[in-house]
Amino acid sequence: MASTAETSSKNSAFLIGRETPRSLAVAAAVLVAFLIAAPYVLYPVFLMKALCFALFACAFNLLLGYVGLLSFGHALYFGWASYVAAYAAKSWGLSPELAILTGTATAAGLGIIAGVVAIRRQGIYFAMITLALAQMMYLVALRVKFTGGEDGIQAVPRGWLFGLVDLSHEMNMYVFVTVVVLAALFLIYRIIDSPFGEVLRAIRENELRTISLGYSTDRYKLAAFILSATLAGLAGATKALVFQLASLTDVHWTMSGEVVLMTLVGGLGTVFGPIVGAFLIVAMENYLAPFGQWVLVIQGAIFVVCVLVFRRGIVGELAHRLKVRL
């Protein structure tokens with residue numbers, strides 16, 4: 001009887017595993033269909049903002065959800081990539097693709113420096129180091145001349161993509177942002193679904209055992225940290241062109257807290273959870289704006305409800321009940 005039960009359990013696990021690619025494919029198809037139809041119903045700028053934050057949340061989820069490292073300083077990479085991309089487009093006259101690449105490369109460089117400093121620490125010490133570094137760079141952004149201080153960098157030109165497509169038209173910009181974000185999300189999926197991603201999950205579950213198997217966990221964590229910072233920078237650089245603005249809000253510690261909220265509400269360690277969380281938070285910020293300061297109270301109440309009702313996040317709870325991977 002025990003053998004039969006064990007065989008049945010293995011068969012069930014096998015079937016669930018076989019269904020996993022299908023569930024992800026269906027979810028991806030729904031996302032693509034939504035993004036194609038959405039600009040005809042919703043304001044394109046709202047959608048572009050939500051997409052940028054969705055990428056930011058997915059980049060953060062790569063570090064927290066799959067490695068178990070909580071960073072309170074991801075606004076550092078998001079905000080500074082935004083500043084550099086905006087400055088490169090406005091002052092250096094770079095094309096939009098080169099401006100975004102410049103901002104993303106800046107985030108990668110900052111990620112290398114911050115990662116080398118913080119990665120040897122764990123738990124609250126790691127989180128505090130990332131927060132301290134982010135706050136230090138926030139003060140730098142406030143003081144240095146090229147960021148514009150409290151005024152930020154305004155009137156950033158969107159320019160012509162590859163010299164062919166005028167991004168000043170909203171639909172052209174929307175298509176560009178959608179392609180960039182979908183490509184980045186696919187890259188994140190390939191990372192977490194690769195042998196490298198398996199090692200990251202092993203580090204999250206039991207780092208000492210992973211070390212005993214011969215893996216240099218610090219190198220893997222540093223690589224994941226740099227990838228997360230780079231992708232967060234891509235989100236920030238793209239957002240700077242969408243809004244034609246880079247400001248102190250992008251590097252403030254509250255931005256780091258906001259991305260944590262998006263990830264937790266959507267579903268930590270899921271593929272599509274941070275996307276749902278980002279769209280939900282951005283929608284609340286936009287459509288609850290008439291309530292003024294009460295928006296924070298409403299957001300807090302919704303967050304409490306999500307924590308109590310959806311212990312694994314919205315998508316995480318849905319995936320758990322359907323026994324599929326989302």
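Where does S168 lie? S168 lies in the loop between β3 and α6. I start there as a way into the chain. Before going on, a note on the source: this is a predicted model.

With a relative accessible area of 47%, S168 is partly exposed. Setting aside neighbours within four places in sequence, S168 is in contact with R158 and G159. If you want a marker for where that loop sits, take L42: S168 and L42 are 126 residues apart along the chain, and their C-alpha atoms are separated by 18 Å.

Following that loop comes α6, covering residues 170-192. Helix α6 has 23 residues and reaches 33 Å from its first C-alpha to its last, close to the 33 Å expected at 1.5 Å a residue. Several of its residues are buried, including M173, Y174, F176 and V177. Further along α6, V180, V181, A184, L185 and I188 are also buried. An α-helix has 3.6 residues a turn, so residues three or four places apart point the same way. You can keep that in mind while looking down the helix.

On the other side of β3 is another loop, the one between β2, residues 160-161, and β3, residues 165-166. F162 is found in that loop. Its phi is near 55 degrees, a positive value in a residue other than glycine. F162 counts as exposed, at 60% relative accessibility.

There is a second case of this kind, Q244. Phi of Q244 is near 55 degrees, again a positive value in a residue other than glycine. Q244 is placed in the loop between α9 and β4, the latter being residues 245-246. Its relative accessible area is 32%, so Q244 is partly exposed.

Now to helix α3, which takes up much of the rest of this talk. Helix α3 runs over residues 75-90, with 16 residues, and reaches 22 Å from first C-alpha to last, close to the 22 Å expected at 1.5 Å a residue. How many of its 16 residues are buried? The count is 14, so α3 is mostly covered.

Two of its neighbours are helices α9 and α5. Take α9 to begin with, residues 217-243. The axes of α3 and α9 come within 7 Å and cross at roughly 45 degrees. That angle makes α3 oblique to α9. The crossing in which α3 passes α9 is right-handed. On the α3 side the residues that meet α9 are Y77, F78, A81, S82, A85, A86 and A89. On the α9 side they include F225, A229, A232, G233 and K239.

The other neighbour is α5, residues 123-143. Here the axes come within 10 Å and cross at roughly 25 degrees. That makes α3 roughly parallel to α5. This crossing is left-handed. L76, W80 and Y83 of α3 make the contact with A134, M137, V140 and A141 of α5.

Back to K239, which lies in helix α9. Is K239 buried or exposed? K239 counts as buried, at 10% relative accessibility. Not counting residues up to four places away in sequence, K239 touches C52, F53, F78 and D250. F78 belongs to the α3 set I listed a moment ago. K239 and I100 are 139 residues apart along the chain, with their C-alpha atoms separated by 9.5 Å.

One of those contacts, C52, brings us to the cysteines. How many disulfides does the structure hold? It holds zero. C52 is in no disulfide, and the nearest cysteine sulfur, that of C58, is 12 Å away. Why is there no bond between the two? At 12 Å the sulfur of C58 is too far from that of C52, because a disulfide needs the sulfur atoms within 2.5 Å. Both cysteines are buried: C52 has a relative accessible area of 1%, and C58 has 4%.

The last stop is the loop leading into α3. L69 lies in the loop between α2, residues 44-67, and α3. At 7% relative accessibility, L69 counts as buried. Leaving out residues up to four places away in sequence, L69 touches L63, L64, I119, F126 and K221. Of these, L69 and I119 are 50 residues apart in sequence and 8.9 Å apart in space, C-alpha to C-alpha.

That is the end of the tour.

Technical notes: Residues are numbered from 1 along each chain as its sequence is written. This is a predicted model: local features need pLDDT of at least 70, side-chain atom pairs count only at pLDDT 80 or more; totals for chains, interfaces and linings use all residues. Side-chain values use heavy atoms; hydrogens and water are left out. Helices (H or I, at least four residues) and strands (E, at least two) are DSSP runs, numbered from the N terminus. The expected span of a helix is 1.5 Å times one less than its number of residues. Buried means under 20% relative accessible area, exposed over 50%, partly exposed in between (1.4 Å probe, protein chains only). Axes are lines fitted to C-alpha atoms, for helices over the stretch in contact, and angles run from 0 to 180 degrees between N-to-C directions. Angles under 35 degrees count as roughly parallel, over 145 as roughly antiparallel, 65 to 115 as roughly perpendicular and the rest as oblique. A crossing is left-handed if the near helix is turned anticlockwise from the far one by less than a right angle, and right-handed if clockwise. Contact means heavy atoms within 4.5 Å.
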